[in-house]
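Trainee: I would like to go through this structure by asking about its parts in turn.
Mentor: Go ahead, and I will give the reasoning before each answer.

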Amino acid sequence: MITEFGNLFLSVALSLSLCSTILLFFKDSVDTNIRHNICLKFTKFSFLLIFLSFGLLAYAFLIDDFSLRYVANNSNLTLEKVYKFSAVWGAHEGSILLWVLVLSAWAALIGIYSTSLPKKFVTDMLSIMALLLTFFLLFILITSNPFDRIFPVPENGRDLNPLLQDPGLIIHPPLLYLGYVGTSVPFAFAVAVLINKSIKIEWISWLRKWVISSWMFLTVGISLGSWWAYHELGWGGWWFWDPVENASFMPWLAITALLHSLIVSEKRGIFISWSILLSILTFSLSLLGTFLVRSGILVSVHAFANDPERGLYILLFLTLIVGLSLILYFMNSSSLISKKSYQVSSKEFILLINNLFLTITTFAILLGTLYPLITSSLDLGKISVGAPYFNFIFSALMLPIVFLMAPAIYSSWKNTDYGRFKKLLSSLFFYSIIISYVFMNFIFESDIFVVYLAIFLAVFTILSSVVKLIQILLIRRDEGLFDKIISTPSTLFANSFSHVGIGVLIIGITISTYFSEQKEIIMKEGTSVVIRQVTVKFIGVEDKIASNYSSQVGIFDTFEDKSYKLSFFPEKRTYNIQKNVMTEAAISSNLLRDIYIALGDKFSDDSWVVRIYYKPFIQFIWYGALLMILGGIFGIFGKEKFPRKT
Amino acid sequence: MTSKKSILPIIFFVMILYFLFSGLGKDPTLIPSPLIGKKIPEFQSKTLLDDTSITEKDLLGNYILLNVWGSWCYACTLEHNNLIDIYETNRISIYGLNYKDDKDSAIKWLKQRGNPYKKNIIDNKGDIGIDFGVYGAPETFLINSKGVIIHKHVGPIDKNYFKNIILPLLKNE
């Protein structure tokens, strides 16, 4: 029954979406109210149906219904309940169903929360969202149906990929998809604008909130992913420039650019055509990422099974949808150009440079990611671009972007008062140099110029954002602090938090990259090793049996100044069904440092390969991400302007 | 004036598409095996069913296929009937490398599904697999009578694969 109902729900959702899409072609002949009514109802109902089919699949996992091929391939009787649930999106078919669920959720949300926009425009957007839904539902039903049966029904399933049996991986995909698929909202907006050849500034304020939401979810998803990699892969790394990481990072960069260009469009009525193009670009990069992950054309730790048929289907859709929207842009964008001019000293100009560099960075990463494809199709041999290319190009291009953050915060629209601006910035500049110099000389000694530069830029950004916020809070002396905080526009908090977040992130990356210590050694039981004043003693290894894996648990005691501090229990797990060996590193984190111990292979009877890392400030990476996420939340829910004084 | 500039994204997009389409269907893991044209690596192990010792020397003397498999591997179950088919129509000796597997479940698996293998080499830790440069199961090596690896295939093989790829190679030799 699960198969029948699952297929039925998805097919009905498909027909509803198809109808909403077709309505777009009758936009001039059908009354707008009727069209709006139909599209909105169909969108909500499609969401409900997809939600139900998703629920059915989850139910099939929970009751171990191995007559479904997808369940049989990705679950097992002994799998923990919570992982049975997260296994729903553990492989291709289910995760693409999650994709569709999230897409239909966004469609329903913009249908409901768009009363400030004209009905005609909202209806066009809903039809475009329905077009995307139509494609992905077809894709599921034709190539990737999670409700397909298997016969004979196996007694037990093949188990969920052990890599995915981790708490971080339960919420990482849904949150990432919320952001990833959320880029369809600006896309639908852009295409609707291009079809109608008109746009109003109020619509841009509406769009900005949705773009911030998508940006925030992408930030959450990406940082969770890196947090997971750090904990689970056992190499102490947190970012690998893997094609699939890049696939989520490129839309992030593009949507960050979009976020900034929309501010300019909203405040000054310029860059509108550019914002529209960026909206298309952002969603195209999301689609491209989906294609890269599902087609298996690049080698990646994340890639799903190599399936050219699925890849071809997504690629054809990508060609169609991106091609059409770019042609539409080519034909209709000239009506969106504003004749307003702006000064080199204005905020708009700085944000223009920000956009320029963010876009170049996006394309540099795109080039690196696709490089293996380019060389192989031009017969230049199999080459892959590794981390050195990305690290170099990314830091080089980020430098000007970060450097411009402080000037951007203090500049004004149209024309900046140069005298005041210069005075403030030069004192901030001066204090930042002193602070970073003191920091680098007394805490982390280094003579590497790049490290100084990065720390200086981070301090400069943090200091300017914080000072700006304090300035604003101090302006109105007559109110209490609490009242001031309440009455300050939350966009200012959004701005400050996310830029401070970037600064904190840069400090985390720089310090943990340049000042980490690591030891990869063979340790005999009972021996000790010293890493950065911490003595690590290897006590021994014990066996442990859990319901679906057996594991070897290393026992390590650490001492500082000869007194016992704490014990570490890194594990090497062998999962019963798929025989994969997984590393569970043991990590002790505090504000200033992580100690990270991973158990490697057994070398002889009583000695093991052990990896020990001492990573200062690495948690700053996720603190920074957290601040950016907070900034995003302020941006979504807060009010925009100071209340008018009565 | 503006429309001239706005054609740039289209041109750029077409370029990207060219590379994406050309990459489609090519297998990125198809790195030419460094072992092709070389002798098979030395190994020493036991056979799965009769528990006698086996080394690389036991594979010499005839053209053989060496098939890497495991009872844990879903693609191997799909491939298995093809192997039986290939064995029955072509009578080529097929050796199995039982890769990272549990001995009892491997034996049970063979009893259930039929056994096209002349002998199965036990490699429960995957050490022999490493020497052969195995990425994962299933994988198939074509080895000549002197023990030189002529061809390697990643993923399941079928009748057509044998007819179109392996037979011509055998004729060339």
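The questions below concern strands, helix packing and one loop residue.

Trainee: What kind of model is this, and how are residues and chains labelled?
Mentor: Residues are numbered from 1 along each chain as its sequence is written, and chains are lettered from A and ligands numbered from 1 in the order in which they are written. Local features need pLDDT of at least 70, side-chain atom pairs count only at pLDDT 80 or more, and totals for chains, interfaces and linings use all residues, since the model is predicted.

Trainee: Which strands stand at the edges of the open sheet in chain B?
Mentor: Strands are DSSP runs of E with at least two residues, helices are runs of H or I with at least four, and both are numbered from the N terminus. Two strands pair if DSSP finds at least two bridges between them. The order in the sheet is β5-β4-β3-β6-β7 (chain B), with mixed pairing. A single partner strand leaves one side without a neighbour in the sheet, so the edge strands are β5 (119-123) and β7 (149-154) of chain B.

Trainee: Which residue of β5(B) stands opposite Gly96(B)?
Mentor: Strand β4 (residues 93-99) of chain B runs parallel to β5(B), and five bridges join them. Opposite Gly96(B) in β5(B) is Asn120(B).

Trainee: At what angle does helix α6 of chain B run to β7(B)?
Mentor: Axes are lines fitted to C-alpha atoms, for helices over the stretch in contact, and angles run from 0 to 180 degrees between N-to-C directions. Helix α6 (residues 159-172) of chain B lies across β6 (139-143) and β7 of chain B, and its angle to β7(B) is about 160°.

Trainee: Is Asp166(A) buried, exposed or partly exposed?
Mentor: Asp166(A) sits in the loop between α6 (119-143) and α7 (167-182) of chain A. A residue is buried with 20 or more other C-beta atoms within 10 Å of its own, exposed with 12 or fewer, and partly exposed in between, the C-beta atoms being placed from the backbone. Asp166(A) has 16 other C-beta atoms within 10 Å, so the class is partly exposed.

Trainee: How are α17(A) and α19(A) oriented to each other?
Mentor: Helix α17 (residues 449-475) and helix α19 (residues 490-515) of chain A pack at about 160°, with axes 9 Å apart. Angles under 35 degrees count as roughly parallel, over 145 as roughly antiparallel, 65 to 115 as roughly perpendicular and the rest as oblique. The two helices, α17(A) and α19(A), are therefore roughly antiparallel.

Trainee: What orientation do α13(A) and α2(B) have?
Mentor: The axes of helix α13 (residues 347-377) of chain A and helix α2 (residues 8-23) of chain B come within 9 Å and cross at roughly 75°. Leu370(A) and Leu373(A) are among the α13(A) residues in this contact, and Phe19(B) and Leu20(B) among those of α2(B); contact requires C-beta atoms, placed from the backbone, within 7 Å. From the crossing angle, α13(A) and α2(B) are therefore roughly perpendicular.

Trainee: Which residue takes a positive phi in the hairpin of β4(A) and β5(A)?
Mentor: Strand β4 (residues 549-560) and strand β5 (residues 563-568) of chain A pair in the antiparallel sense over five bridges. Asp557(A) stands opposite Ser567(A) in β5(A). The hairpin has two residues between the strands, and the one with a positive phi, near 50°, is Asp561(A).

Note on methods. Contact = placed C-beta atoms within 7 Å.
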